[in-house]
Amino acid sequence: MKRLTSLCRGWVLLPLALHAPSALAHLGYPDTTSVSIRRDHPEDMFVGATFGAVVSRDSGKSWNWVCPEAMGYGGWRPETFLWQPDGTLLAATGADLIRSRNGGCTWESHPFFKPKGLWPMSLASPASNPSRLWVSTGRAASPNGLYRSDDSGETFIPTTLQSNTPDKNDNAVFTSVKVAPSDTRRLYVSGSTPEGLRLYRSADEGVTWEEIPQPFPEYSSPSRAYDFFVLRVADNDPDHLWARVSWQGWTYVLESRDGGHTFRSILHPKNQEHDGIDEYLMGIEVSADAKTLWAATPTRLFRLREGDTVATLLSLPDGNACVERQGDVLFVCGATRVHDWALATTRDEGNTYTTLLNLPDLKPPSCPAGTPAHDICMPRWPQFASQPDIGADPSIPGTDGGTPPDAGSPDSGTPDAGPSEPPPVTPTDPPKKPGCSSTGGLVPAAAFFVLTTLRRSRRRNPEN
C-alpha cells in the first residue's frame with residue numbers, strides 16, 4: 001500500500017511541476033535550500049531557495065523575495081552563498097561566480113572566470129580572514145584549477161594546483177575547496193581525474209600540494225565511485241574532515257581523522273540494510289567540538305553523535321532540509337507545505353525548533369526602483385505570491401506588485417527591534433492524509449521524486 005501511495009503522489013505531481021508558472025516551472029516545490037549569515041552582522045540573513053532567494057535585514061522578523069531571473073544564474077542554481085562583512089554576497093554556481101554588492105538587489109558575473117571559460121564549482125573563505133577567498137573550477141575536458149583572492153574577491157590569481165597545463169594533462173576537475181578553521185594554511189580540494197578520485201592537500205596556503213588518490217575499493221564494482229566532495233573540516237583539528245561520495249545511486253558520508261589519507265563511511269540510517277543514504281546529500285554540519293554531525297537530504301535531517309552506531313532520523317524537518325551552524329545555533333530548512341515553517345532555529349540539536357520563516361509571510365522585493373530585484377521581480381510577485389505553498393493574502397499592502405512602503409537602501413543598518421521571538425515548536429509526526437493527497441517527504445523536483453520513489457520501492461520490496 002505504501003508503494004502504491006508513493007507512486008500515486010509522484011505521478012500526480014509530475015504534470016503539476018511541468019505546467020507550473022514560469023517562476024517555479026523548472027524548480028519544483030518552493031523550498032529553502034541554504035542559509036548564509038552576514039559575517040559580523042547576524043541580523044542579515046540570505047536564504048537560497050528553489051524560487052530564487054529571500055532576504056532578512058532584521059534577524060528574521062521580516063523576509064523579502066528575490067526572484068531567480070534577477071540573480072542571473074540561469075539553470076545553475078548555487079548550492080550556497082557567502083555573505084562577507086562588507087555586505088558583498090558571492091556564490092559559485094557551477095558555471096559562474098556571481099556577486100552582489102547591495103544585499104541581493106543587483107547581481108553581476110565576476111569578470112575573471114567566465115571570459116576564461118572557467119566554471120567555478122566551490123567557494124571558501126576563512127572566518128578569521130574573510131578577504132581571502134578560494135575558488136575551485138570543474139569544467140570537464142578543460143583547464144581547471146584553484147584560484148586565490150586577497151582582496152575580498154576583486155581580483156584572483158591561480159595557485160599551483162592546476163590541470164591540463166603544458167607539463168600536466170590529467171583532465172582533473174576540482175569539485176570542492178575547504179579551509180581548516182584552526183589552521184588556515186591547511187587547504188583541502190577534492191577532485192576527479194580519468195584515473196580516479198583525488199584529494200589534494202596543502203599545508204602552506206596552496207604553494208605546494210600533496211595528491212592523495214582515493215580508490216574507495218569498497219565502492220569499485222561493478223562501477224566506480226563518483227561525485228567525491230570534501231564537505232567540512234573540524235573547527236579544532238585540521239586533520240579531521242568529512243566528505244561525500246556516491247556509488248550505485250547511494251550517497252555515503254565519510255570521515256577522515258588523518259588528513260584525508262583514509263576515509264570511513266559513518267552515516268548508517270536505522271532499520272536500513274545499506275550504510276549509505278538513497279538521496280542526494282544537501283550538506284552536513286558539525287558541532288564545534290566535532291562530536292555531533294547533522295546530514296541533510298532533500299527530505300530528511302539525520303543526526304549522528306559520537307559513539308552512535310546508527311544515525312537518528314529527526315522527526316522534523318519533513319519534506320525538505322538543509323542545515324547551517326552559527327555558534328551554538330542550528331539554522332534548519334523545512335517545508336511550509338508540511339509543517340508550517342521553511343526556516344527555523346534549534347538550540348537543542350533538533351529536538352525543538354523556533355520558526356524564523358513561513359512562506360505565506362514572505363513580502364515582495366524591498367529593493368529600490370532601478371535595480372533588477374525590483375524591476376524584474378515586482379511584476380512577477382502577484383503570480384508568485386498566489387502559489388498555494390506561498391499563500392500570500394492579496395489584502396496585505398504590497399502584494400499587488402507595487403513598491404513596498406519600506407523599500408530603501410538594502411544596507412541601512414540594523415532595524416529597530418521587532419516583535420518578540422515566537423515560542424519553540426516541539427517536533428511531532430505531521431498528520432498524513434490518505435490516498436494521493438499527502439505531500440510529506442517529497443523532494444523539490446517532482447520528476448526526480450518519481451524516479452527516486454521507483455528506486456526506493458525496488459530496494460524496499462525486492463520481491464516485486
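Hi everyone, let's start with one residue: Tyr200, which counts as buried because its relative accessibility is 2%, and buried means under 20%. Keep in mind throughout that we are looking at a predicted model.

So what is around Tyr200? One partner is an aromatic ring. The rings of Phe174 and Tyr200 have centres 5.4 Å apart and planes at 75°, so this pair is edge-to-face. Phe174 sits in strand E13, residues 173–179, and Tyr200 in strand E15, residues 196–202, so to speak of the pair is to speak of a link between distant parts of the chain, 26 residues apart. Phe174 also counts as buried, because its relative accessibility is 1%.

If you are new to this, here is a handy idea: a pair of aromatic rings is described by the distance of the centres and the angle of the planes.

How many aromatic pairs does the structure hold? There are 20 of them. Let me show you another one. Phe46 and Trp83 have ring centres 6.1 Å apart and planes at 90°, so they too are described as edge-to-face. Phe46 belongs to strand E2 and Trp83 to strand E5, residues 82–83, so the pair ties together parts that are 37 residues apart in sequence. Buried or exposed, what is Phe46? Phe46 is buried, at a relative accessible area of 0%. Trp83 counts as buried as well, with 1% relative accessibility.

Aromatic residues can also gather in a group. One aromatic cluster here is formed by Phe216, Tyr219, Phe228, Trp247, Tyr252 and Phe263.

Some rings have a charge for company. The charged end of Lys116 sits over the ring of Phe112, 4.1 Å from the ring's centre. Over the ring of Phe229 you will find the charged end of Arg244, again 4.1 Å from the centre.

Now let's go to the nonpolar cores. Which residues have the most contacts inside the largest one? They are Phe46, Trp63 and Leu362, in a core of 41 residues. Strand E2, residues 45–49, supplies the largest share of this core, with 4 residues. You can also follow Trp63 outwards: beyond its neighbours within four places in sequence, Trp63 is in contact with a list of residues including Met45, Val47, Val54, Leu343, Leu356 and Leu362. There is a second, separate core too, with 19 residues, among them Leu199, Tyr219, Val245 and Trp250. You may recognise Tyr219 from the aromatic cluster.

Let's turn to a polar residue. Ser149 lies in strand E11, residues 145–149, and is buried, with a relative accessible area of 0%. What does the side chain of Ser149 reach? One answer is the backbone oxygen of Thr155, at 2.8 Å. The side chain of Ser149 also makes a polar contact with the side chain of Asp151, at 2.8 Å. Setting aside residues up to four places away in sequence, Ser149 touches Ser131, Arg132, Leu133, Glu154, Thr155 and Phe156.

Last topic: confidence. The average pLDDT of the chain is 81, and 78% of the residues score at least 70. Where does pLDDT stay under 50? One such stretch is residues 1–27, for which the model has 40 contacts beyond four places in sequence. Another is residues 392–464, where the model has 127 such contacts.

That's my tour, thanks for listening!

Methods
Residues numbered from 1 in each chain as written. Predicted model: local features only at pLDDT ≥ 70, side-chain atom pairs only at ≥ 80, totals over all residues. Heavy atoms only, no water. Core = buried A, V, L, I, M, F, W, Y, C linked by side-chain atoms within 4.5 Å. Buried < 20%, exposed > 50% of the residue type's maximum accessible area, 1.4 Å probe, protein only. Helix = DSSP H or I, 4+ residues; strand = E, 2+ residues; numbered from the N terminus. Contact = heavy atoms within 4.5 Å. pLDDT = per-residue confidence, 0-100. Phe/Tyr/Trp six-rings, centres within 6.5 Å; stacked < 30°, edge-to-face > 60°. Lys NZ or Arg CZ within 6 Å of the ring centre and 35° of its normal. Polar contact = N/O pair within 3.5 Å; in protein donor to acceptor, adjacent residues only side chain to side chain.
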